[in-house]
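Morning, everyone. One structure today, and a short tour of it. Let's put it on the screen.

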Amino acid sequence: GSSTYPAQIVDQLINYEPEGSKAILSGQQSSAQCHVSVQTTLVEPFQPTLGAQYFVLGKIEKTDGLSGVILHADALRSVDGVDLTLMQKAIMEQRCFFKERMPEICASSAL
């Protein structure tokens, strides 16, 4: 069986397979290198820049397969040159705004 959970990550794009709409992002988690498989079907056409940092918003699907998880991207953008601390703050402010002002929308989404 499988289940999905909302997720957002910022990691470096190290591989892209257009025929399978699949990207691989790599980042440092504690002392270990971590790779994340990203399904890009919903964000095609995707013009990747290998080595660039990407922000991905989507849903993590936990699977019984060898990879364990797949991130299905709803949004995928290069963030090279972006102040990531400021971007994270803006995302949190937006979430607070929606939770306070539009609770009916937040109740049906995973903000």
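This is a predicted model. I'll start with Ile14. Ile14 sits in strand S1, which covers residues 3-17. Is Ile14 buried or exposed? Neither label fits: Ile14 is partly exposed, because its relative accessible area is 37%, and buried would need under 20%. Leaving out residues up to four places away in sequence, Ile14 touches Ile24, Ser26, His35 and Leu50. Take His35 from that list. Ile14 and His35 are 21 residues apart along the chain, and their C-alpha atoms are separated by 9.1 Å.

Now the confidence. The mean pLDDT of the protein is 81. Of its residues, 79% reach 70 or more. Where is confidence lowest, and where is it highest? The low end is helix H2, residues 103-108, with a mean of 58. The high end is S5, at 90. A caution here: where pLDDT is low, the coordinates should not be read in detail.

Next, the aromatics. How many aromatic pairs does the structure hold? Two. Tyr16 and Phe46 make an edge-to-face pair, with 5.0 Å from centre to centre and 85 degrees between the planes. Tyr16 is in strand S1, while Phe46 is in the loop between strand S3 (32-39) and strand S4 (53-62), so this pair ties together parts that are 30 residues apart in sequence. Both partners can be checked for burial. Tyr16 is buried, at a relative accessible area of 15%. Phe46 is buried too, at 9%. Phe46 also pairs with Tyr54: the ring centres are 5.6 Å apart and the planes stand at 75 degrees, so this pair is edge-to-face. Why does 75 degrees earn that label? Because planes over 60 degrees apart count as edge-to-face. Tyr54 is buried, as is Phe46. Ring pairs therefore link Tyr16, Phe46 and Tyr54 into a cluster.

On to the strands. S1 and S4 run antiparallel and are joined by 10 bridges. One example: Tyr5 has Ile60 in S4 as its bridge partner. S4 also pairs with strand S5, residues 69-78, again in the antiparallel sense, over nine bridges. There, Glu61 stands opposite Ile70 in S5.

What about the core? The largest nonpolar core has 17 residues. Which of them have the most contacts inside it? Leu25, Val38, Tyr54, Val56 and Leu71. S1, strand S2 (22-29), S3, S4 and S5 each supply at least two residues of this core. S1 gives the largest share, four residues. Look at Val38 in particular. Not counting residues up to four places away in sequence, Val38 touches Ser21, Lys22, Ala23, Leu25, Val56, Leu71 and Ala73.

Two backbone points to finish. Most residues other than glycine have a negative phi, and most peptide bonds are trans. Ser21 is not a glycine, yet its phi is positive, at about 45 degrees. Ser21 is found in the loop between S1 and S2. With a relative accessibility of 14%, Ser21 counts as buried. Ser21 is also among the residues Val38 touches. The other point is the peptide bond from Glu44 to Pro45, which is cis, with omega near 0 degrees. Pro45 lies in the loop between S3 and S4. Phe46, from the aromatic cluster, is in the loop between S3 and S4 as well.

That's the tour. Over to you.

Definitions and conventions:
Residues numbered from 1 in each chain as written. Predicted model: local features only at pLDDT ≥ 70, side-chain atom pairs only at ≥ 80, totals over all residues. Heavy atoms only, no water. Buried < 20%, exposed > 50% of the residue type's maximum accessible area, 1.4 Å probe, protein only. Contact = heavy atoms within 4.5 Å. Phe/Tyr/Trp six-rings, centres within 6.5 Å; stacked < 30°, edge-to-face > 60°. Pairing = 2+ DSSP bridges. Core = buried A, V, L, I, M, F, W, Y, C linked by side-chain atoms within 4.5 Å. pLDDT = per-residue confidence, 0-100.
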